[in-house]
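Colleague: I should like to learn how to read the features of a protein model, one at a time. May we begin with a single side chain and then proceed to larger elements?

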Amino acid sequence: NIEEDTERTKVMVDALKSHPAFQTFFVSSEIEWPLDMSSPSRQRMMEDLGFLPEDVKGPVFIMPGVISDDDQALRFKRYYYLRAQGDVVRNAHIAKIVKNAAPDVITWADPFRLAPMLGTFKNLDMISTWTYSTPDPKYMLSIESLKAAARLEKKKVMPTVTLLNYPGSLHPGLPDLAHLSDFIAMSGDRYKICQWINLSRQPDFLCTYFSQELNPLNEEASEKPFKYNPEILEAMRSLDKEVVMPAGPLLKNLTPAPRKIAL
């Protein structure tokens, strides 16, 4: 609950605020909690929306392909992600605590993929999302969505390349749960392509999601070389050493090229 989160955050930030390496604070925001359907919650929905989820009507279009702001399904989604689900309120509260103790620390959350709407990152400095690059990295222009959202809310952006790839799917959505245990490690070449695309669009930060499940030192590594792939570690090291560290300051100060040129 928010009281426990408040106490944990205060203790953590007080312990770290004077450390020079403490520059960012990650607030998890998976946004996958089920909606509370208790009687008080349903009464609150009726008061705020005038209808319940099971009574949603529509869709209401104002022109082909454009949904009205009064569309009930849209109104319910906004209500769910911005208020009822709770992460937005919780994250905004935690960000204030962090900023009070360490004003220069950059607060951020992800993913943007499940709720790509303005307002879901209130009080945070930066938004992020994961890139699952199947089948072609050039199709996964998540950074363009991030930059569009960040521009309106004046936030920083950090595209995150996840090294977990799920054969047969763009990302591990609900219909694809059977794939969750069958992920493989991204190849070194694919990783470099993904990060080159991100670099070409001038992000504020670059991020790589490396799960312990991918550790090539695991006992099962020799039996599952596609999952525990040591080449990805070398690809990460070489890209950082040869490109990101020496050229990063230059890339951040260039004028962004039109997307078709950058790709």
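Colleague: How many Å from the backbone nitrogen of lysine 57 does a polar atom of the side chain of glutamine 72 lie?

Modeller: Please keep in mind that this is a predicted model. In it, a polar atom of the glutamine 72 side chain lies 2.7 Å from the backbone nitrogen of lysine 57. Glutamine 72 belongs to helix 3, which covers residues 72-84. Leaving aside residues up to four places away in sequence, glutamine 72 touches Phe51, Asp55, Val56 and Lys57.

Colleague: Does glutamine 72 count as buried or exposed?

Modeller: The general idea is to compare the relative accessible area with a cut-off: under 20% is buried, and over 50% is exposed. Glutamine 72 has a relative accessibility of 18%, and therefore counts as buried. Methionine 37 offers another case: its relative accessibility is 36%, so it counts as partly exposed.

Colleague: Where is methionine 37 found, and which residues does methionine 37 touch?

Modeller: Methionine 37 sits in the loop that runs between strand 1 (24-28) and helix 2 (39-49). Not counting residues up to four places away in sequence, methionine 37 touches Arg42, Met45, Pro53 and Glu54. One may also consider separation in sequence and in space: methionine 37 and proline 53 are 16 residues apart in sequence, and their C-alpha atoms are 9.7 Å apart.

Colleague: What can be said of the chain as a whole, and how many helices and strands are there?

Modeller: The chain contains eight helices and nine strands. Of its 263 residues, 40% are buried. Among contacts between residues at least 6 apart in sequence, 65% join residues at least 24 apart.

Colleague: How should I read the packing of two helices? At what angle do helix 1 and helix 4 pack?

Modeller: One reads the angle together with the distance between the axes. Helix 1 (residues 2-16) packs against helix 4 (residues 87-101) at an angle of about 25 degrees, and their axes are 10 Å apart. Angles under 35 degrees count as roughly parallel, so helix 1 is roughly parallel to helix 4. Their crossing is right-handed. On the side of helix 1, the contact is made by Ile2, Asp5, Thr6, Thr9, Lys10, Val13 and Asp14, and on the side of helix 4 by Arg90, His93, Ile94, Ile97, Val98 and Ala101. By class, these residues comprise six nonpolar, three polar and four charged.

Colleague: What are the angle and the distance between the axes for helix 6 and helix 7?

Modeller: Helix 6 (residues 188-200) and helix 7 (residues 231-252) pack at about 20 degrees, with axes 9 Å apart. That angle makes helix 6 roughly parallel to helix 7. The crossing of helix 6 and helix 7 is right-handed. Among the residues that meet are Tyr191, Lys192 and Trp196 in helix 6, and Ala235, Met236 and Leu239 in helix 7. The full contact has ten nonpolar, three polar and three charged residues.

Colleague: Finally, how does one read phi? What is the value for lysine 154?

Modeller: Most residues other than glycine have a negative phi. Lysine 154 has a positive phi of about 55 degrees, although it is not a glycine. This residue, lysine 154, lies in the loop between helix 5 (142-153) and strand 6 (156-162). Glutamine 202, in the loop between helix 6 and strand 9 (207-209), also has a positive phi, near 55 degrees.

Colleague: Which relative accessible areas do lysine 154 and glutamine 202 have?

Modeller: Lysine 154 is exposed, with 75%, whereas glutamine 202 is buried, with 14%.

Terms used. Residues are numbered from 1 along each chain as its sequence is written. This is a predicted model: local features need pLDDT of at least 70, side-chain atom pairs count only at pLDDT 80 or more; totals for chains, interfaces and linings use all residues. Side-chain values use heavy atoms; hydrogens and water are left out. Axes are lines fitted to C-alpha atoms, for helices over the stretch in contact, and angles run from 0 to 180 degrees between N-to-C directions. Helices (H or I, at least four residues) and strands (E, at least two) are DSSP runs, numbered from the N terminus. Angles under 35 degrees count as roughly parallel, over 145 as roughly antiparallel, 65 to 115 as roughly perpendicular and the rest as oblique. A crossing is left-handed if the near helix is turned anticlockwise from the far one by less than a right angle, and right-handed if clockwise. Contact means heavy atoms within 4.5 Å. Ala, Val, Leu, Ile, Met, Phe, Trp, Tyr, Cys and Pro count as nonpolar, Asp, Glu, Lys and Arg as charged, and the others, Gly among them, as polar. Buried means under 20% relative accessible area, exposed over 50%, partly exposed in between (1.4 Å probe, protein chains only). A polar contact is a pair of N or O atoms within 3.5 Å; within protein, one must be able to donate a hydrogen and the other to accept it, and residues adjacent in sequence count only if both atoms are side-chain atoms.
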